[in-house]
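This report looks at charged side-chain pairs and at one helix in a structure, with attention to burial. The sequence and the coordinates are shown first.

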Amino acid sequence: MNLGSLSERLQDLIHAPGVAPLAFVFAFLAGAGHALAPGHGKTLAAAYLAGSRGRIRDAAWLGGSVAAMHTVSVLVIGVAWTFFSLSELIRMEQLTTWLQIAAGLLVLGTGLWMLRRHVKGGHAHSHDHDHGHDHDHDHGHGHHHHGDGKRPGLFLLGISGGLTPSPAAFLVLATGLFLGRAGFALLLVLTFGIGMAVVLFGIGVLAVAGSVLVTRNARTHAMLRLATRVTPMLAAGGITAFGAGMIAVAAVHLAAPA
Amino acid sequence: MSTRTLVALAVIGVAAGTAVFTPRPAAAHPFGDPQTVVITPDEQRSDVVHVKWRVGGPDDLTVLGVSLGLLPADRVRADGTVDYRYNDPGVVGASPAFAGYLLDRITVTDGGRPCTGAVEPIAALALKGATAGFTCPGPVTSATVAVRTLTDLHPAYRTMATGPGGQRAVYEGANDTHTWSLTGAGAGLGRSALVQIGAVLGGVLVLAGLVAVVVKRRVAA
C-alpha cells in the first residue's frame with residue numbers, strides 16, 4: 001500500500017510555492033486514503049445507518065461532522081503544541097489515548113442509547129417533532145416514520161470519528177505553523193478532512209441503500225422481515241461493543257509503561 | 001429482485017458483523033510528538049551554543065537503539081511494529097554510541113568554522129531529551145546548525161526547531177541546515193499564524209453562511 005507515502009508527501013506539499021492546486025488534490029486523496037485505513041468508524045457509521053434505517057442526508061451529516069471535528073482537533077492540538085508548549089504538559093501519545101477514551105465513551109453512549117430506544121420502543125415507529133422543517137421536504141420512498149431522532153447519535157459518532165487527529169494532518173499543520181504558512185496548512189488539513197468525509201459519506205450511502213432495499217422487499221420475504229427486525233438490535237449491540245472495545249484498548253495503552 | 005436482495009443482505013451483514021467482531025481503536029499507529037530541537041545561546045559564554053534534542057514517539061528511541069546495536073534486533077517486528085520497553089531510553093541514553101550519534105548528526109558552524117560539541121549528562125532521555133553544548137572558535141552572533149537525526153532511519157522524519165526570540169524552522173531530509181540569529185530577532189510567527197488562521201476560518205464561515213442561505217432559498221421556493 002502506498003497510503004503511507006501519500007501522507008509523507010503531504011508534508012512536502014507545504015513547501016509548494018504559492019497555493020498549489022495540486023497540493024489540494026493530494027491532500028484530498030490522503031484524507032480519503034486515511035479514512036479507508038482501519039478504524040475511523042466506517043463500520044460504525046454503516047452499522048448505525050443500517051440499524052436506524054437512515055437516509056442519504058444522515059450519511060452526509062455523519063461525514064460532515066467527522067471532517068469538521070477532525071479539522072478542529074488538528075487545529076487546536078497543532079496550535080497548542082506549537083505556541084503553548086503543549087508537550088511540556090502532556091506527551092502526545094498520552095493525549096491521543098485520552099482522546100480515544102473520550103471517543104470510545106461517545107460511541108458507547110450512542111450504542112446504549114440505540115439499545116434503549118429499541119428495547120423501550122419495540123419497533124421504531126414513533127414520530128418525533130424536534131426538528132420542525134426538515135422532514136416535510138424530503139421523501140424517503142414512503143419511509144417517513146423512520147426518520148426519528150437520528151441526528152444526536154450521528155453527531156456523536158461523527159465527533160468521535162474526528163476527535164483523534166491523524167498524525168499526517170497534525171504534521172502538516174505543525175510544519176505550516178513553523179514555516180509561517182499557517183493559512184495554507186490549515187486549508188490542506190481542511191481538504192484532508194473533506195477527503196475523509198467523502199469516503200465516509202460513500203460508505204454511509206451504501207449502508208442506506210442496502211437497508212432501504214431490505215425494507216422494501218421485507219413485505220414479500222419472511223427472511224428479510226426477520227432481518228429488518230434483527231438488524232437494529234444487532235447494530236446497536238455492535239456499536240455498544242465497539243465503544244467498550246475502544247475504551248478497553250486505550251485504557252490498556254494508558255496503563256502500559258511509555 | 002433476488003440479486004438486489006442478496007447485495008442488500010450482504011451489505012448489512014458485513015456492516016453489523018464487522019462492528020461486532022473488530023473492536024479496533026481509531027488509530028492503530030503510534031502518534032507521538034514530532035522530533036524537536038531547541039537552539040539557545042549560553043548565558044555566560046558568548047562562544048557557546050546549546051542544542052537540545054528531543055525524540056518524537058517513544059518507539060523512535062527503541063528503533064534508534066536497535067540501529068545503533070544497543071537493543072536486540074527483534075524489537076522491531078517484521079510488520080514494522082515496535083516492541084518498546086520503558087527502560088529502552090535509559091539503555092540508549094547511557095551509551096557512548098548514542099552520544100557519538102548525536103554529535104555526528106547535529107553539527108554547528110560559525111561562519112564556516114566548525115564548533116566542537118560535547119553531550120551533557122543525560123537524565124530522562126525520553127522525557128527531557130539530550131543537550132549538546134557546542135564551543136565555537138570565538139563569540140557567535142549567528143550559528144549555522146545542521147540536524148540530520150533519525151532521517152537515516154526513515155527519510156520522512158521531520159524536526160521542528162525553535163530558536164531564540166521565537167524563531168522557528170523545520171529540518172527535513174533535503175533541507176537539513178538553518179542559520180539562527182543568536183541575538184534573538186523575533187520573527188513574529190505567532191501573530192502571522194493568528195492572522196492566517198483567522199482568515200481561513202472566516203472564509204469557511206462565510207462560505208457556510210452562503211450555502212445555508214442558498215439551501216434555505218431553495219427549500220422556500
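## Span of helix 6

The expected span of a helix is 1.5 Å times one less than its number of residues. In this predicted model, helix 6 of chain B covers residues 189-220, a run of 32 residues, and the distance from its first C-alpha to its last is 46 Å, close to the 46 Å expected at 1.5 Å a residue.

Within helix 6 of chain B, the buried residues include Leu189(B), Ala193(B), Ile197(B) and Val200(B). An α-helix has 3.6 residues a turn, so residues three or four places apart point the same way.

## Salt bridges with partly exposed arginines

Over all chains, a search of the whole structure yields six salt bridges. One of them joins the side chains of Arg45(B) and Asp47(B), with an N to O distance of 3.2 Å. Arg45(B) is partly exposed at a relative accessible area of 44%, whereas Asp47(B), at 17% relative accessibility, counts as buried because the cut-off for that class is under 20%.

A salt bridge also links Arg85(B) to Asp83(B), where the closest N and O atoms are 2.8 Å apart; Arg85(B) counts as partly exposed, with 41% relative accessibility.

## A buried pair between loops

Glu172(B) and Arg158(B) form a salt bridge whose closest N and O atoms are 2.6 Å apart. Because Glu172(B) lies in the loop between strand 9 (168-171) and strand 10 (177-181) of chain B, and Arg158(B) in the loop between strand 7 (142-147) and strand 8 (159-162) of chain B, the pair ties together parts that are 14 residues apart in sequence. Both Glu172(B) and Arg158(B) are buried.

Technical notes:
Residues numbered from 1 in each chain as written. Chains lettered and ligands numbered in written order. Predicted model: local features only at pLDDT ≥ 70, side-chain atom pairs only at ≥ 80, totals over all residues. Heavy atoms only, no water. Salt bridge = Lys/Arg side-chain N within 4 Å of Asp/Glu carboxyl O. Buried < 20%, exposed > 50% of the residue type's maximum accessible area, 1.4 Å probe, protein only. Helix = DSSP H or I, 4+ residues; strand = E, 2+ residues; numbered from the N terminus.
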